[in-house]
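Please find below some notes on the model, set out as numbered points. They cover a core, a hairpin and one glycine.

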Amino acid sequence: IQAYLDQRRPGTSRFVTQRQEPDQVKILSGVFEDDRTGGPVTTGTPISLMIENVDQRSKDYSEIRDRYRPGHADQAYDAKYGVRDYRGGGRSSARETAARVAAGGIARQVLGDTITIRGAVVQIGEHMIDPENWNWDETANNPFWCPDAAMAKTWEHYLDTIRKAGSSVGAIVEVQASGVPAGWGAPVYGKLDGELAGAMMSINAAKGVEIGAGFAAAGFTGEDNADEMRMGNDGIRFLSNNNGGVAGGISTGQDLVVRLAIKPTSSILTARKSVTRAGEEVDVRTIGRHDPCVGIRAVPVAEAMMACVLADAKLRHRGQVGS
């Protein structure tokens, strides 16, 4: 669990928030170990985890006590609950995603070693990677999870400019899962692609999700879009993967491919037009330590949500067909 949290935690490079949170996870319940277990094992009771906040600066938010920040959930929360804690985003903050990554670490253990989940950033702002240069090993060689070594250099210069201007920019994250067997999911309720889309859209700052060819499929012909099949040495071999590994809500045995669009961080230094709780028109600028591109740290979060959905799918499938 800790290894995945270390991938998400802030302060790891100049391209993410400089908030210094160690994100050390503590297991409070649901796990037991003694000389007979051969290591920590689950007990069957709920697993409770705790990650403490140690680097809060509530004073950074004092100026927006009665002001709604454009792009944030301030106004929507006030409309729903009639009260909000202005000293941070709470459940609408990227800080909330630490819990998702911790849960994803457990879900990966449910899935086992035969399923590999990995993610990458494929676009920052208007700068897209070249798919021909895709190399998974490169994602560990730069602070952007970028699989294209040449584009990583472009992003470095680009994000330095964005960061120094006190601005922010969006990104597209792609997550793939290989080793998922055919048959997981359901035809109507509990469609695998529907569950994946819902999980990804539940991530704070996510504004769009596509699976496989996604929106590009709208420009295809039926001939282009059809994932043709032939027989291979190990069974059916697909000649393309426009469906992203899901057909009719059920996994096909191909790689699952999901992309999500992450909006620019709403907290920027440039003043934006807004209003107060009392209806007064004001300009708002947000000070503090914020990500110039929150999409970078969204990679381990999206991987975790993929793991959680697949762990559910595995257990449901076992309950439905017994294997």
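1. Contact here means heavy atoms within 4.5 Å. By that criterion, and leaving aside its neighbours within four places in sequence, Leu 310 touches Leu 111, Ile 115, Ile 117, Ala 177, Val 180, Trp 184, Leu 192 and Leu 256.

2. This is a predicted model, in which local features need pLDDT of at least 70, side-chain atom pairs count only at pLDDT 80 or more, and totals for chains, interfaces and linings use all residues. Residues are numbered from 1 along each chain as its sequence is written, and side-chain values use heavy atoms, with hydrogens and water left out.

3. The largest nonpolar core (buried Ala, Val, Leu, Ile, Met, Phe, Trp, Tyr and Cys residues joined through side-chain atoms within 4.5 Å; buried means under 20% relative accessible area, 1.4 Å probe, protein chains only) holds 56 residues. Ile 124, Leu 260, Met 306 and Leu 310 have the most contacts inside it. Among the elements that give two or more residues to this core are helix H3 (97-111), strand E5 (116-124) and H7. H7 gives the most, 12 residues.

4. Helices (H or I, at least four residues) and strands (E, at least two) are DSSP runs, numbered from the N terminus. Strands E14 (residues 272-275) and E15 (residues 281-284) run antiparallel, joined by 4 bridges; pairing requires at least two bridges found by DSSP. Ser 274 stands opposite Val 282 in E15. The two strands form a hairpin with 5 residues between them, and Gly 279 in the turn has a positive phi of about 95°.

5. Gly 319 lies in helix H7 (residues 298-321). Is Gly 319 buried or exposed? Gly 319 is exposed, because its relative accessible area is 67%, and exposed means over 50%.
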